[in-house]
Amino acid sequence: MRFIYQPMSDSSGGGEMFVQLFVPAYSRADVREGRAGSVQVRGVFAQDGRPSSVKIVSSSGDGILDQKALEAMATYQLVFRPGTVLMRPLVFEQPYKYEIH
């Protein structure tokens with residue numbers, strides 16, 4: 001499991017922020033079983049920066065990969081610069097691509 005910080009600007013008028021992204025693990029078992037695909041997940045974030053809802057926008061066709069992507073988005077946390085206020089819920093979409101190399 002890895003966390004990364006990605007800068008982003010808030011189109012809702014709240015200013016600049018960072019999102020703490022959880023990168024889901026692509027296990028050896030996933031590779032061995034040939035799991036691959038792309039998942040698009042949408043999260044709605046509340047004023048405290050935590051997701052209030054997450055859902056699949058586009059499925060990979062594999063329930064396990066879809067579930068990993070949902071769990072990853074559910075752990076996201078928006079990190080605001082001091083003095084920044086999120087004026088309304090923020091909708092954020094994230095693609096997850098699982099590939100075997």
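Helix 2 opens with a side-chain contact. A side-chain oxygen of Asp-62 comes to within 2.9 Å of the backbone nitrogen of Ile-64, at the start of the helix. This is a predicted model.

The length of helix 2 can be checked. It has 12 residues, and at 1.5 Å a residue these should span 16 Å. The end C-alpha atoms are 16 Å apart, so the two values agree. Several residues of helix 2 are buried: Leu-65, Asp-66, Lys-68, Ala-69, Leu-70, Ala-72 and Met-73. An α-helix has 3.6 residues a turn, so residues three or four places apart point the same way.

Next comes the core. The largest nonpolar core holds 14 residues. Val-41, Phe-45, Met-73 and Tyr-96 have the most contacts inside it. Three elements each supply at least two residues of this core: strand 3, helix 2 and strand 6. Helix 2 gives the largest share, 5 residues.

| Element supplying at least two core residues | Residues |
|---|---|
| Strand 3 | 37-45 |
| Helix 2 | 63-74 |
| Strand 6 | 90-98 |

Which residues does Val-41 contact, leaving aside its neighbours within four places in sequence? One group is Val-54, Lys-55, Ile-56 and Val-57. Another is Ala-69, Leu-70 and Met-73. Phe-92, Glu-93, Gln-94 and Tyr-96 complete the list.

Strand 3 also pairs with strand 4, residues 51-58. The two run antiparallel and are joined by 6 bridges. Arg-42 has Lys-55 of strand 4 as its bridge partner. The hairpin of these strands has 5 residues between them. There, Gly-49 takes a positive phi near 90°.

Helix 1 covers residues 28-32 and includes Asp-30. Is Asp-30 buried or exposed? Its relative accessibility is 4%, so Asp-30 counts as buried. Beyond residues up to four places away in sequence, Asp-30 touches Ala-25, Arg-35, Ile-64 and Lys-68. Of these contacts, Lys-68 is itself among the buried residues of helix 2.

Confidence varies along the chain. The mean pLDDT of the protein chain is 77, and 70% of its residues reach 70 or more. Strand 4 has the highest confidence, at a mean of 94. Strand 1, residues 2-10, has the lowest, at a mean of 46. Over residues 1-14, pLDDT stays under 50. The model has 43 contacts beyond four places in sequence for residues 1-14.

Conventions. Residues numbered from 1 in each chain as written. Predicted model: local features only at pLDDT ≥ 70, side-chain atom pairs only at ≥ 80, totals over all residues. Heavy atoms only, no water. Helix = DSSP H or I, 4+ residues; strand = E, 2+ residues; numbered from the N terminus. Buried < 20%, exposed > 50% of the residue type's maximum accessible area, 1.4 Å probe, protein only. Contact = heavy atoms within 4.5 Å. Core = buried A, V, L, I, M, F, W, Y, C linked by side-chain atoms within 4.5 Å. Expected span 1.5 Å × (residues − 1). Polar contact = N/O pair within 3.5 Å; in protein donor to acceptor, adjacent residues only side chain to side chain. Pairing = 2+ DSSP bridges. pLDDT = per-residue confidence, 0-100.
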